Amino acid sequence: MLRRMVTPRLAATGQMRVSSSTGLTVLVGLVLVTAVLWGGGTRQGFLGDVAVQLLAIPLLVASLWRLVTSDVPGRPNPTVPIAIVCLVILAAVAQVVPLPPSFVASVGWTKPEISHTVGPAWVTLSQTPQATWAALLSPLPPVAIFFATTQLASHSRRQIAALVLALGS
């Protein structure tokens, strides 16, 4: 197995280079183990959820970087999954962007909690912007794992599947 990770040019010099697929596999496994052991709370904002989300950020960056920069023949076009994720992010961000008082007055929409304020107030579409931000961050680990596993070789995917089975038993 280690022989597959050593490039032929470096093998002649006695140096070894671990492939980036191995690093991605390790990161996916780390996020999965952390999610199973710490994550999965019934309420958002627990330390375990935050730890899993923070650990998923480097995985997401590494997998998207590899997805965009590599030209592997036979790999599906990443445009559609990236566009779907961007649309979901855009929908959530649109809910927390404050709207000007003139727009709110022209629509005739007011929030009950700001109807007693003295002057015009900037309001968001979301009733609870903090919960909207938390909901925006909650799919970060599964999205990172999805994009990372699309970049893995079949043997690495089998290793991740074995890890999931081991964590479930």
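The exercises below, each with a worked solution, concern a predicted model.

**Exercise 1. Overall make-up**

Task: State how many helices and strands the protein has, and what part of its residues is buried.

Solution:
- Step 1. The protein contains nine helices and zero strands. Read from the N terminus, the elements are therefore α-α-α-α-α-α-α-α-α.
- Step 2. Of the 169 residues, 25% count as buried.
- Step 3. The accessible surface is about 11200 Å², and carbon and sulfur atoms hold 70% of that area.
- Step 4. Among contacts with a separation of 6 or more, 68% join residues 24 or more positions apart.

**Exercise 2. The length of H4**

Task: Check whether the distance between the end C-alpha atoms of H4 agrees with the span expected at 1.5 Å a residue.

Solution:
- Step 1. Helix H4 covers residues 47-69, and it has 23 residues.
- Step 2. The expected span is 1.5 Å times one less than the number of residues, which gives 33 Å for H4.
- Step 3. The end C-alpha atoms of H4 lie 34 Å apart, so the two values agree.

**Exercise 3. Buried and exposed residues of H4**

Task: Classify Leu-54 as buried or exposed, and find the nonpolar surface patch to which Leu-54 belongs.

Solution:
- Step 1. Leu-54 is located in H4. Its relative accessible area is 55%; the cut-off for exposed is over 50%, so Leu-54 is exposed.
- Step 2. Leu-54 joins Val-50, Ile-57 and Val-61 in a nonpolar surface patch of about 340 Å².
- Step 3. Residues three or four places apart in an α-helix point the same way, because there are 3.6 residues a turn.
- Step 4. Other residues of H4 are buried, including Val-52, Ala-56, Leu-59, Leu-60, Ser-63 and Leu-67.

**Exercise 4. The largest nonpolar core**

Task: Identify the residues with the most contacts inside the largest nonpolar core, and the helix that supplies its largest share.

Solution:
- Step 1. This core has 16 residues, and Val-28, Leu-59, Leu-60 and Ile-145 have the most contacts inside it.
- Step 2. Helix H3 (20-37), H4 and helix H8 (140-149) supply at least two core residues each.
- Step 3. The largest share, six residues, comes from H8.
- Step 4. Leaving aside residues up to four places away in sequence, Val-28 touches Leu-59, Ile-145, Ala-148, Thr-149 and Ile-160.

**Exercise 5. A pair far apart in sequence**

Task: Describe the exposure of Ala-161 and its separation from Gly-29 in sequence and in space.

Solution:
- Step 1. Ala-161 belongs to helix H9 (residues 154-168).
- Step 2. With a relative accessible area of 39%, Ala-161 is partly exposed.
- Step 3. Ala-161 and Gly-29 are separated by 132 residues in sequence, while their C-alpha atoms are 9.7 Å apart.

Conventions. Residues are numbered from 1 along each chain as its sequence is written. This is a predicted model: local features need pLDDT of at least 70, side-chain atom pairs count only at pLDDT 80 or more; totals for chains, interfaces and linings use all residues. Side-chain values use heavy atoms; hydrogens and water are left out. Patches are made of residues with over 30% relative accessible area and no salt bridge: like charges are joined within 9 Å, nonpolar side chains (Val, Leu, Ile, Met, Phe, Trp, Tyr) within 5 Å. Accessible areas come from the Shrake-Rupley method with a 1.4 Å probe; for residues, only the protein chains shown count as cover. A salt bridge is a side-chain nitrogen of Lys or Arg within 4 Å of a carboxyl oxygen of Asp or Glu. Helices (H or I, at least four residues) and strands (E, at least two) are DSSP runs, numbered from the N terminus. Buried means under 20% relative accessible area, exposed over 50%, partly exposed in between (1.4 Å probe, protein chains only). A nonpolar core is a set of buried Ala, Val, Leu, Ile, Met, Phe, Trp, Tyr and Cys residues joined through side-chain atoms within 4.5 Å. Contact means heavy atoms within 4.5 Å.
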